[in-house]
Amino acid sequence: MCGIVGYIGHREAQPVLLNCLGRLEYRGYDSCGIAIPGNGIEVYKDAVRVAQLEKSVPQNGANIGIGHTRWATHGKPSQINAHPHTDCDGRIAVVHNGVVYNFQRLKDQLVAEGHTFRSETDTEVIPHLIEKYYRGDLEEAVKRSLLEINGSYAIVVLDQGSHRLVAARKESPLIIGIGDREWFIASDVPAILDYTDRVIYLEDGDVAVVTPEEERITNDGKEVAREEHLIPWSIDEAEKSGYEHFLIKEIHEQPKAIQNTLRGYLSAVEPAIELGVDIDADDILIQACGTSYHAGLVGKYIIEELAGVPVRVEIASEFNYDHTVLGKTMVIGITQSGESADTLLGLKKAKRLGNKTMVITNVLGSSATRITDQVFYIRAGPEISVAATKSFTAQLVALYLIALSAAKIEFKGRASLVEELRKLPVKVQRILDEEDKIARLGKYLAGFDNAFFVARGINFPVALEGALKLKEISYIHAEGYPAGELKHGPFALLTPHTPVIAIAAKDDTYEAVLTNIKEIKARESPVIAVAEESDDEIEKYVDFVIKVPGVEPIFSPVVNSVALQLLAYYAARERGCPIDMPRNLAKSVTVE
Ligand code: AGP
């Protein structure tokens, strides 16, 4: 997810473009750039934040331009991979948000036709395609080029001389802000609110031509009119798309994050999985920190069940100092940021010991990707809130894909599991649709200072994760425990003031968890159960039930963890905690 902008009007374009980009940095901030006409098209771009770039961009009086702030997906963050990208002669410049899935084939074809490419990006094929089809009309050349692109895009195109911008969208958001004889094209509303609150939302397939006099929109060759909206939000609200916190926004982005992660690896129809990584090892050791460590623990259940490959999971900061014996072991690091010092050290240790390494990360070009032999990118998009949510479920999806592809034998039910995987975004959306019910329980939980989370089997790590989320954003002291372990000590802490959140998944642990719940109730602790919507039994034994959609047991950690994220969020909100920036924490811990 990147941020793109375009401006045409009567103001000096440079400061407008940079200001709009600064408002979109929550969409991606690993590199940025602008293009404005001057001596030909002048492009200023680098792997820096917008405020840094500002220092090196002269004002040259131009009243038109385009800009981009990047969240790298193809080609690591660097000056050359930053946008805008241009054609061979630098007469056409393009900024793009989205992914061109067939870029390699198009690039090979264009190179064969004599085009010279400078970057590793998928985007660069677009200005070259426009150059190929340019016959004096920028709009026609853009439309012709888009017919060849398979993927998602929002683009703004600037050319030398026509003094117009051409913008188009398919699956990625794009708006046009309307000012007095000026237009502001952007990925999202926050970019333009300093200048106007009048907005047009472009729809899939729309191509807009914006000149100093007007904007004209066509779709499928026919002129269309898009309704103008007035934006009621402040800028702060807008960056969160109207959500109160980045955390709740990111919780709601999970269906998309899961879809985007699947999309990169799951072919549209066949249960074929193209990972591009190879799990050739006798056994696997996963090492990570915090939420990523919890994902690793779920990964152990998934990989051992589906692929039959033995998996060990270690906390990275301990792995760095222990004497774990590694044979022909593949060492996998899981890290959203790709920058956690403990996980990086663990990967370096594995390299030093001569083991194969892989990282599952959300950040392209991050340090971890420069250490390991293989990289598996999740596609959760930028995660701004300190507490990890959408990156956790996207990491689980990565582990399902790895397990399904590592399964050497063609096992019965594989295709149906792949089908279930495809349905996960819809199942997660159904939990989000029931948010209010969970919010009420969050408010109830906010009244306590201590809590336990319990579960068994593949959901035990989800109990750990639920406890971590509650701890880090609501400051309620919470412990995650295997449900069968409470009676070996923690039972001593059970009172009517110590609620227990019990995950009762419909798998082979269900009856045992129910027994544990009865034992807990016998000590008068309030129990909130997380159970499948078809489960009418559980109500009899607990105080409250959070119902989640039915899924194959192996996928239950995804739906259960989203429910617990919402529970923690509403408890923290009820307590008035600084949810996106909890005290004493950082989004990525870059020190040991
Ligand atoms: C989770 O909500 C926390 N932000 C923290 O535990 C985090 O998961 C941990 O620091 C690991 O970060 P990483 O995934 O970026 O390596």
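**Cysteines, salt bridges and internal spaces**

The sulfur of C20 lies 13 Å from the closest cysteine sulfur, that of C32, which is too far for a bond. The model examined here is predicted, and in this model C20 counts as buried, with a relative accessibility of 4%. Under the rule that the two cysteine sulfur atoms of a disulfide lie within 2.5 Å, the count of disulfides comes to zero. C2 likewise takes part in no disulfide, the nearest cysteine sulfur being that of C32 at 11 Å. C2 is also buried, its relative accessibility being 7%.

Charged side chains were considered next. A search of the whole structure finds 32 salt bridges. One of these joins R169 to D204, with the closest N and O atoms 3.0 Å apart. Because R169 lies in strand β8 (residues 165-170) whereas D204 belongs to the loop between β11 (198-201) and β12 (206-210), this pair ties together parts that are 35 residues apart in sequence. Of the two partners, R169 is buried at a relative accessible area of 15%, while D204 is partly exposed at 42%.

A salt bridge between the side chains of E244 and R573 has an N to O distance of 2.6 Å. E244 is placed in the loop between α6 (235-239) and α7 (246-252), and R573 in helix α17 (residues 556-574), so that the pair ties together parts 329 residues apart in sequence. E244 counts as partly exposed, with a relative accessibility of 45%, and R573 also counts as partly exposed, at 35%.

The salt bridge between E472 and K469, whose closest N and O atoms are 3.1 Å apart, is set within a helix. E472 and K469 are three residues apart in helix α15 (residues 460-474) and are therefore separated by about one helical turn; both residues are buried. In addition, E139, K143 and R216 are linked in a network of salt bridges.

The open spaces of the model were then examined. Rolling a probe the size of a water molecule over the atoms shows where empty space is left. The largest pocket has a volume of about 860 Å³ and is lined by 34 residues, among which M1, R27, P173, K256 and N260 lie nearest its centre. At least two lining residues are supplied by each of β6 (92-100), α7 and α8 (254-263), and α8 provides the largest share of the lining, with five residues. By residue class, this lining consists of 14 nonpolar, eleven polar and nine charged residues.

R27, one of the residues nearest the centre of the largest pocket, is found in the loop between α1 (13-22) and β2 (31-38). With a relative accessibility of 4%, R27 counts as buried. When neighbours within four places in sequence are left aside, R27 is in contact with M1, C2, G3, W71, N97, P173, S187, D188 and P382. Among these contacts are M1 and P173, which also lie nearest the pocket centre.

The second largest pocket contains about 480 Å³ of space. Of the 26 residues that line this pocket, G290, T291, A586, K587 and V589 are the closest to its centre. The elements contributing two or more residues to its lining are α9 (290-306), β18 (329-335), α11 (341-352) and α15, the last of these being the helix that holds the pair E472 and K469. The lining of the second largest pocket divides into eleven nonpolar, ten polar and five charged residues.

Enclosed spaces were also sought, and two cavities of 30 Å³ or more are found in the whole structure. About 70 Å³ of space lies in the largest cavity, which is lined by C2, R70, W71, A72, T73, H74, H83, H96, G98, T121, D122 and T123. Its lining comprises three nonpolar, seven polar and two charged residues. Two of the lining residues, C2 and W71, are also in contact with R27.

The second largest cavity has a volume of about 40 Å³, and its lining is made up of A504, A505, V530, A531, E532, V548, P549, V551, S556, V559 and N560. β24 (527-532) and α17 each supply at least two residues of this lining, and α17 is also the helix in which R573 lies. The residues lining the second largest cavity divide into eight nonpolar, two polar and one charged.

Notes
Residues numbered from 1 in each chain as written. Predicted model: local features only at pLDDT ≥ 70, side-chain atom pairs only at ≥ 80, totals over all residues. Heavy atoms only, no water. Buried < 20%, exposed > 50% of the residue type's maximum accessible area, 1.4 Å probe, protein only. Salt bridge = Lys/Arg side-chain N within 4 Å of Asp/Glu carboxyl O. Helix = DSSP H or I, 4+ residues; strand = E, 2+ residues; numbered from the N terminus. 1 Å grid on protein atoms, 1.4 Å probe; cavity = no way out; pocket = protein on both sides within 12 Å on 5 of 7 lines; lining within 4 Å. Points joined across faces, edges and corners; volume = space filled by probe spheres on them. Nonpolar A, V, L, I, M, F, W, Y, C, P; charged D, E, K, R; others polar. Contact = heavy atoms within 4.5 Å.
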